[in-house]
Amino acid sequence: MADSLSTTGSIATFIASSFDNIPTGVSGNLVQFVDIARQYVSQFTGVSIGSNSINENYQGAITNYAMGMAIDAIVSQGFGTISELTIQGGQIPMSAQAYRNLADMQMRILGRHFTISRSLS
């Protein structure tokens, strides 16, 4: 990704601009979707990820989880089926589950960070 996707708002804007006609009910929740994805990635990796300073290493996983949530929200609210949705002028290339699977793979590559301390008492 890039420095331009270093905040939850910028990732939400990126996702919104990826769809040709994103419903208002979904676009209004994109920041929350991104924040949920940020928290999930943070908990998985054990690294503190701020909402205004997202490291480039974590942007892909966060974006893909949020994209999956956005697609699920669009379909579940009856705004169309996955075959009717379009993204940047063409049909959506992957399902919501495929975006989540991609994000899972990206997180496994990142790994988990553990802190081990020993008590001397």
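**Briefing: helices, core and selected residues of a predicted model**

Gly 60 has a relative accessible area of 11% and is therefore buried, where buried means under 20% relative accessible area, exposed over 50% and partly exposed in between, with a 1.4 Å probe and protein chains only. This glycine lies in helix 4, and its C-alpha is 7.4 Å from that of Gln 106, although the two residues are 46 apart in sequence. The model is predicted, so local features need pLDDT of at least 70 and side-chain atom pairs count only at pLDDT 80 or more, whereas totals for chains, interfaces and linings use all residues. Residues are numbered from 1 along each chain as its sequence is written, and side-chain values use heavy atoms, with hydrogens and water left out.

**Overall architecture**

- The chain contains five helices and two strands; helices (H or I, at least four residues) and strands (E, at least two) are DSSP runs numbered from the N terminus.
- In sequence order, the elements follow the pattern α-α-α-α-β-β-α.
- Of the 121 residues in the chain, 39% are buried.
- Contact means heavy atoms within 4.5 Å; among contacts between residues at least 6 apart in sequence, 67% join residues at least 24 apart.
- The exposed area of the chain is about 6,900 Å², of which carbon and sulfur atoms supply 51%; accessible areas come from the Shrake-Rupley method with a 1.4 Å probe, and for residues only the protein chains shown count as cover.

**The largest nonpolar core**

- A nonpolar core is a set of buried Ala, Val, Leu, Ile, Met, Phe, Trp, Tyr and Cys residues joined through side-chain atoms within 4.5 Å.
- The largest such core has 30 residues, and those touching the most other members are Ile 15, Phe 19, Val 26, Leu 30, Val 41 and Ile 62.
- At least two residues of this core come from each of helix 1 (8-18), helix 3 (30-45), helix 4 (56-76) and helix 5 (96-110).
- Helix 4 provides the largest share, ten residues.
- Leaving aside residues up to four places away in sequence, Ile 62 touches Ile 11, Val 34, Ala 37, Arg 38, Val 41, Ile 49 and Ile 54.

**Helix 3**

- The 16 residues of helix 3 should span 22 Å at 1.5 Å a residue, which agrees with the 22 Å between its end C-alpha atoms; the expected span is 1.5 Å times one less than the number of residues.
- Its buried residues are Leu 30, Phe 33, Val 34, Ala 37, Arg 38, Val 41, Ser 42, Phe 44 and Thr 45.
- These buried residues pack against helix 1, helix 2 (24-27), helix 4 and helix 5.
- Gly 46, which follows helix 3, has a positive phi near 80 degrees.

**Helix 5**

- Helix 5 has 15 residues and reaches 21 Å from its first C-alpha to its last, close to the 21 Å expected at 1.5 Å a residue.
- Ala 96, Tyr 99, Ala 103 and Met 107 are the buried residues of helix 5.
- Viewed down the axis of helix 5, these buried residues fall within an arc of 75 degrees, so they line one face of the helix; the arc is that of the directions from the helix axis to the C-beta atoms.
- An α-helix has 3.6 residues a turn, so residues three or four places apart point the same way.
- Arg 108 and Ile 109 are exposed on the other side of helix 5.
- Gly 111, just after helix 5, takes a positive phi of about 80 degrees.

**The aromatic pair**

- Rings of Phe, Tyr and Trp (its six-membered ring) pair if their centres lie within 6.5 Å; planes under 30 degrees apart count as stacked, over 60 as edge-to-face and the rest as tilted.
- By this rule there is one aromatic pair.
- The ring centres of Tyr 40 and Tyr 65 are 5.1 Å apart and their planes stand at 85 degrees, so the pair is edge-to-face.
- The pair links distant parts of the chain, with Tyr 40 in helix 3 and Tyr 65 in helix 4, 25 residues apart.
- Tyr 40 is partly exposed, with a relative accessible area of 41%, whereas Tyr 65 counts as buried at 7% relative accessibility.

**Thr 8 and Glu 56**

- Thr 8 lies in helix 1 and counts as buried at 9% relative accessibility.
- Not counting residues up to four places away in sequence, Thr 8 touches Val 31, Val 34, Asp 35, Arg 38, Ser 51 and Ile 54.
- Glu 56 is in helix 4 and counts as partly exposed at 45% relative accessibility.
- Glu 56 and Ser 6 are 50 residues apart in sequence, while their C-alpha atoms are 7.1 Å apart in space.
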